[in-house]
Amino acid sequence: MSHERQPGSDPVEGRDVEDRCSSCDTARRSSGFRIRIDKTQAAIILCGLYIFFSLAGNIAATKVTYFGRLVMDAGFIYSMTFTWRDLIHKQLGKRAAITTIWLSAFINLLAALYFQIVVLMPAEPDWAANGGQAAWQFLFGIFETSSGPWWQSIFSLQLRIVLGSVITMVIAELIDTQIYHLWVTGWGRNRPQWARVAVSNAISIPVDSTLFPLIAFTGIIGFDAMVQMFQTNIMVKAIVTILSFWTIYLVPERPIFEQHEDGAKQN
């Protein structure tokens, strides 16, 4: 009685079939390479880095530095938020970008209030004697408590810097969001990706560079110094934009996150 051999029943042939299938799978994966992350992971990565740039920039802004004749704060990493916001908009949509802006503003404000609580906490004598308490008070003290009630310094420079940072960030980033959205859904829809970064940043950066000094330093520095600060901030942020605009190409137009098996995007 003869038996027909079923495909793959022979061990050698079975291995050949498995190898061919494995090669096909590898070819399919390599032909459409994508990072294997879901939408939640993509949101955490993109939004987390945006919040880092924002918070680190605002903290670093407490140091004043200079390059030649240009005097500026050290928070220039904050300039990355404009281009990174574009990445969030590109991958997750306008609503996600707006939510991230408001969340970042809340986190910055919450951090400032927390640092103030730390300043008010009793300092260990040896640590304070070595300048620790004075450094914290200088960098993060919103309210001056050494010469009377805290409410006497409600309009202190530190508080104005905190409020100026948060207010300016929200206004400038929301403008950036709207300009980007109008560009990619309108006349600039088929333009190169770098153009959307250039156009949105060209409007939001001057707004940011103008509002913050006005809120934080009006009445404290002179008109000439204010104008120089405007010019320096715009120039530095423009340079950062030029150096970082290519990051818009880090992710493709299509989602970088995986989709459900039915082909619908993960919510």
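Visitor: How much space lies in the largest cavity?

Guide: About 260 Å³ of space lies there. Keep in mind as we go that this is a predicted model. The structure holds one cavity of 30 Å³ or more, and the elements that give two or more residues to the lining of the largest cavity are H2, E2, H7, H8 and H9.

Visitor: What makes this space a cavity and not a pocket?

Guide: The test is whether a probe can leave: a cavity is a set of points where a 1.4 Å probe fits but cannot get out, while a pocket is an open set. Here 19 residues line the largest cavity, with Asp73, Gly75, Tyr78, Asp208 and Lys237 nearest its centre. H8 supplies the largest share of that lining, four residues. By class, the lining has eight nonpolar, eight polar and three charged residues.

Visitor: And the largest pocket, what volume does it have, and which residues lie nearest its centre?

Guide: Its volume is about 760 Å³. The lining of the largest pocket has 31 residues, and Ala61, Thr62, Ile161, Phe212 and Phe217 lie nearest the centre. H7 (157–185) is among the elements that supply at least two lining residues each, and H7 gives the most, with six residues. The class count for the lining of the largest pocket is 22 nonpolar, eight polar and one charged.

Visitor: Tyrosine 78 was named beside the cavity. Why does tyrosine 78 count as buried or exposed?

Guide: Its relative accessibility is 7%. Buried means under 20%, so tyrosine 78 counts as buried.

Visitor: What makes the pair of tyrosine 78 and phenylalanine 82 stacked or edge-to-face?

Guide: Start with the distance: rings pair if their centres lie within 6.5 Å, and these two are 5.9 Å apart, centre to centre. Next comes the angle: planes over 60 degrees apart count as edge-to-face, and here the planes are at 85°, which makes the pair edge-to-face. Phenylalanine 82 is itself buried, with a relative accessible area of 0%. The structure holds eight aromatic pairs, this one included.

Visitor: Why is the pair of tryptophan 136 and phenylalanine 140 called tilted?

Guide: The ring centres are 4.9 Å apart and the planes meet at 50°. Stacked needs under 30 degrees and edge-to-face needs over 60, so 50° makes the pair tilted. Both residues lie in helix H6, four residues apart, about one turn of the helix. Ring pairs also link Trp136 and Phe140 with Tyr114 and Phe115 into a cluster.

Visitor: Why do tryptophan 136 and phenylalanine 140 get the accessibility labels they do?

Guide: Phenylalanine 140 has 17% relative accessibility, which is under 20%, so it counts as buried. Tryptophan 136 has 27%, between 20% and 50%, so it counts as partly exposed. Isoleucine 59, which lies in helix H2, has 32% relative accessibility and is therefore partly exposed as well. Isoleucine 59 and tyrosine 78 are 19 residues apart in sequence and 9.8 Å apart in space, C-alpha to C-alpha.

Visitor: How do you know that the span of helix H4 agrees with the expected one?

Guide: H4 runs over residues 94–120, and its 27 residues should span 39 Å at 1.5 Å a residue. The end C-alpha atoms are 40 Å apart, which agrees. Buried residues of H4 include Ala97, Ile101, Phe115 and Val119.

Visitor: Why is helix H3 said to be largely enclosed by the rest of the structure?

Guide: Here 13 of the 13 residues of H3 are buried, so H3 is largely enclosed. Helix H3 (residues 80–92) reaches 18 Å from its first C-alpha to its last, close to the 18 Å expected. Just after H3 comes glycine 93, with a positive phi of about 105°.

Visitor: What makes E1 and E2 a pair of strands?

Guide: Two strands pair if at least two bridges are found between them. E1 (residues 64–67) and E2 have four bridges, in the antiparallel sense, and therefore pass. Valine 64 has aspartate 73 as its bridge partner, and phenylalanine 67 has leucine 70. Two residues lie between the strands of this hairpin, and glycine 68 in the turn has a positive phi of about 65°.

Methods:
Residues are numbered from 1 along each chain as its sequence is written. This is a predicted model: local features need pLDDT of at least 70, side-chain atom pairs count only at pLDDT 80 or more; totals for chains, interfaces and linings use all residues. Side-chain values use heavy atoms; hydrogens and water are left out. The expected span of a helix is 1.5 Å times one less than its number of residues. Buried means under 20% relative accessible area, exposed over 50%, partly exposed in between (1.4 Å probe, protein chains only). On a 1 Å grid over the protein atoms alone, a cavity is a set of points where a 1.4 Å probe fits but cannot get out, and a pocket is an open set with protein on both sides within 12 Å along at least five of seven lines; lining residues have an atom within 4 Å of a point. Grid points are joined across faces, edges and corners, and a volume is the space filled by probe spheres set on the points. Ala, Val, Leu, Ile, Met, Phe, Trp, Tyr, Cys and Pro count as nonpolar, Asp, Glu, Lys and Arg as charged, and the others, Gly among them, as polar. Rings of Phe, Tyr and Trp (its six-membered ring) pair if their centres lie within 6.5 Å; planes under 30 degrees apart count as stacked, over 60 as edge-to-face and the rest as tilted.
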